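Please open the structure in a viewer and keep the sequence panel at hand. The stops below are arranged as selections to be made in turn.

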Amino acid sequence: MIPQIRIEDYNYPLPDDRIAKYPLPERDASKLLVYRDGDVCEKVFRDLPGLLPEDALMVFNDTKVVPARMHFKRTSGAHIEIFCLEPVFPVEYNTNFASVESCRWKCVIGNSKRWKGDILQYDCPEDSTLAAMHLEASLIERDGQTGTVEFRWKGGAPFSKVLEECGQVPIPPYLNRETEAIDIDRYQTTYAHIRGSVAAPTAGLHFTQATLEAIRGKSIDIQNVCLHVGAGTFLPVKSSLVSEHPMHREPFSVSLSLLRKLREGGRPVIAVGTTSVRTLESLYYAGVSIIEDGEAHDIGQWDPYEKELPYTTEEALDAIIGYLEKNRLEELRLGTRIIIVPGFRFRLVDMMVTNFHQPESTLILLISAFVGGDWRTIYNFALENGFRFLSYGDSSLLYRRD
């Protein structure tokens with residue numbers, strides 16, 4: 001049964017001066033809130049390795065933020081912002097990034113009412129070397145403030161290079177400032193690897209190489225998944241009932257080797273960030289689709305709630321592993337719209353590292369589900385003890401509370 005949850009019940013006062021507009025000079029110098037069974041204490045993030053259980057399995061999201069925001073200009077002089085969301089043609093990220101003359105993306109279009117369908121020119125100074133690229137944008141299809149945009153350019157550069165040269169890092173809108181030089185480095189995890197996100201998995205922004213080495217020193221097995229974070233992560237819940245809020249599809253991949261390690265069990269699983277949590281918890285439902293249909297399907301928003309499922313987590317993982325082995329695949333590649341709300345049954349994740357999220361957001365719902373509804377204890381402590389909030393803010397280590 002789909003839960004009937006009112007988003008107003010997940011509100012809290014967040015003064016603007018508590019939103020971290022910039023990162024601290026040192027990534028691992030942020031505060032760290034530790035929550036376990038109703039008890040809360042304050043540490044520093046670089047203390048994290050000493051707080052983790054030995055021989056655990058720690059899972060990171062190694063997606064890489066792309067400079068997906070570009071500015072174009074009409075012949076009339078009107079400026080149009082185009083924010084790339086996901087590839088349309090070629091549909092695979094790597095193939096799209098390798099395109100050398102043209103490609104199409106689903107985009108958010110700023111100032112969209114002023115774009116009448118004419119071809120836009122990239123807005124750059126005439127004496128810039130980028131002018132020789134002759135980057136153009138054509139509107140193929142419009143859907144409100146989003147649409148399919150075709151990009152064309154000259155010079156033989158791959159689209160990944162076009163974005164690097166012409167795009168800006170799409171920092172969150174709630175920072176209320178323009179992208180600056182510091183964001184190019186700091187709005188990216190140190191272990192970012194696979195291009196595709198338009199928002200950073202911000203729990204990972206605190207990790208330094210020294211922190212990671214200290215974690216490995218405790219015989220903790222560090223593994224990666226990849227979920228490309230979409231712009232939907234910034235969308236507010238506009239409906240009073242969460243059941244009326246649509247979640248956007250986000251592509252993810254999980255390696256066969258990690259699936260085998262998860263299947264072995266016997267070790268606590270620590271997820272770094274809500275994106276890693278959503279990826280890992282989506283696996284059960286991917287396995288169910290294989291058991292019931294013989295094929296792996298995208299995970300729907302309400303799949304975890306629509307009916308009771310009789311399968312164990314082990315059976316679901318076995319189904320995925322068998323499916324990949326049968327088809328000679330080294331990783332599971334799907335999309336997920338899963339929403340995790342109070343009442344969700346966690347099957348894989350035991351602990352989570354995460355930042356502090358916006359009021360009335362789907363991420364607050366996930367936190368509440370993870371700590372058995374006790375999210376206010378965590379957020380009240382953070383508010384009363386000077387913690388910094390949102391993407392560049394402080395961090396927390398949460399133990400699951402059923």
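**Stop 1: helix α9**

Select α9 and display its side chains: T362, L363, I364, L365, L366, I367, S368, A369 and F370 are buried there. The model is a predicted one. Nine of the nine residues of helix α9 (residues 362-370) are buried, so the rest of the structure largely encloses this helix. To see what covers these buried residues, add α7, β16 (351-355), α10 and β17, which are among the covering elements. Then step just beyond α9 to G372, where phi is positive at about 65 degrees.

**Stop 2: helix α7**

Now select residues 274-293, which form helix α7. Its 20 residues reach 28 Å from the first C-alpha to the last, close to the 28 Å expected at 1.5 Å a residue. Centre the view on L283, where α7 bends by about 30 degrees. Is α7 largely enclosed by the rest of the structure, or largely open? Of its 20 residues, 17 are buried, so α7 is largely enclosed. After α7 comes G294, which has a positive phi near 80 degrees.

**Stop 3: α7 against α8**

Two packed helices are described by the angle between their axes and the distance between the axes. Keep α7 in view and add α8: the two axes come within 8 Å and cross at roughly 70 degrees. α7 and α8 are therefore roughly perpendicular to each other, and α7 passes α8 in a left-handed crossing. For the residues that meet, select L283, Y284, A286, G287, V288, I290 and I291 in α7, together with T313, E315, A316, L317, A319, I320 and Y323 in α8. L283, the site of the bend in α7, is included in this set.

**Stop 4: α6 against α8**

Hide α7 and select helix α6 (residues 256-264) with helix α8 (residues 313-326); their axes come within 10 Å and cross at roughly 150 degrees. Angles over 145 degrees count as roughly antiparallel, and that makes α6 roughly antiparallel to α8. The crossing of α6 past α8 is left-handed. On the α6 side, the contact is made by L256, L259, R260, L262 and R263. On the α8 side, select E314, L317, D318, I320, I321, L324 and E325. L317 and I320 take part in this contact and also meet α7.

**Stop 5: R263**

Within α6, select R263. At 29% relative accessibility, R263 counts as partly exposed. Which residues does R263 contact, leaving aside its neighbours within four places in sequence? They are E314, L317, D318 and I321. Although R263 and E314 lie 51 residues apart along the chain, their C-alpha atoms are separated by 6.2 Å.

**Stop 6: three loops**

Finish with the backbone of three loops.

- Select the loop between β6 (79-89) and α2 (93-97), where P90 is placed. The peptide bond from F89 to P90 is cis, with omega near -10 degrees.
- Select D37, in the loop between β1 (31-36) and β2 (39-44). D37 is not a glycine, yet its phi is positive, at about 50 degrees.
- Select L390, in the loop between α10 (375-384) and β17 (395-399). Phi of L390 is near 70 degrees, a positive value in a residue other than glycine. With a relative accessible area of 4%, L390 is buried.

Terms used
Residues numbered from 1 in each chain as written. Heavy atoms only, no water. Helix = DSSP H or I, 4+ residues; strand = E, 2+ residues; numbered from the N terminus. Expected span 1.5 Å × (residues − 1). Bend = angle between axes of the 7 residues up to and from the residue. Buried < 20%, exposed > 50% of the residue type's maximum accessible area, 1.4 Å probe, protein only. Axes fitted to C-alpha atoms, helices over the stretch in contact; angles between N-to-C directions. Parallel < 35°, antiparallel > 145°, perpendicular 65-115°, else oblique. Left-handed = near helix turned anticlockwise from the far one by under 90°. Contact = heavy atoms within 4.5 Å.
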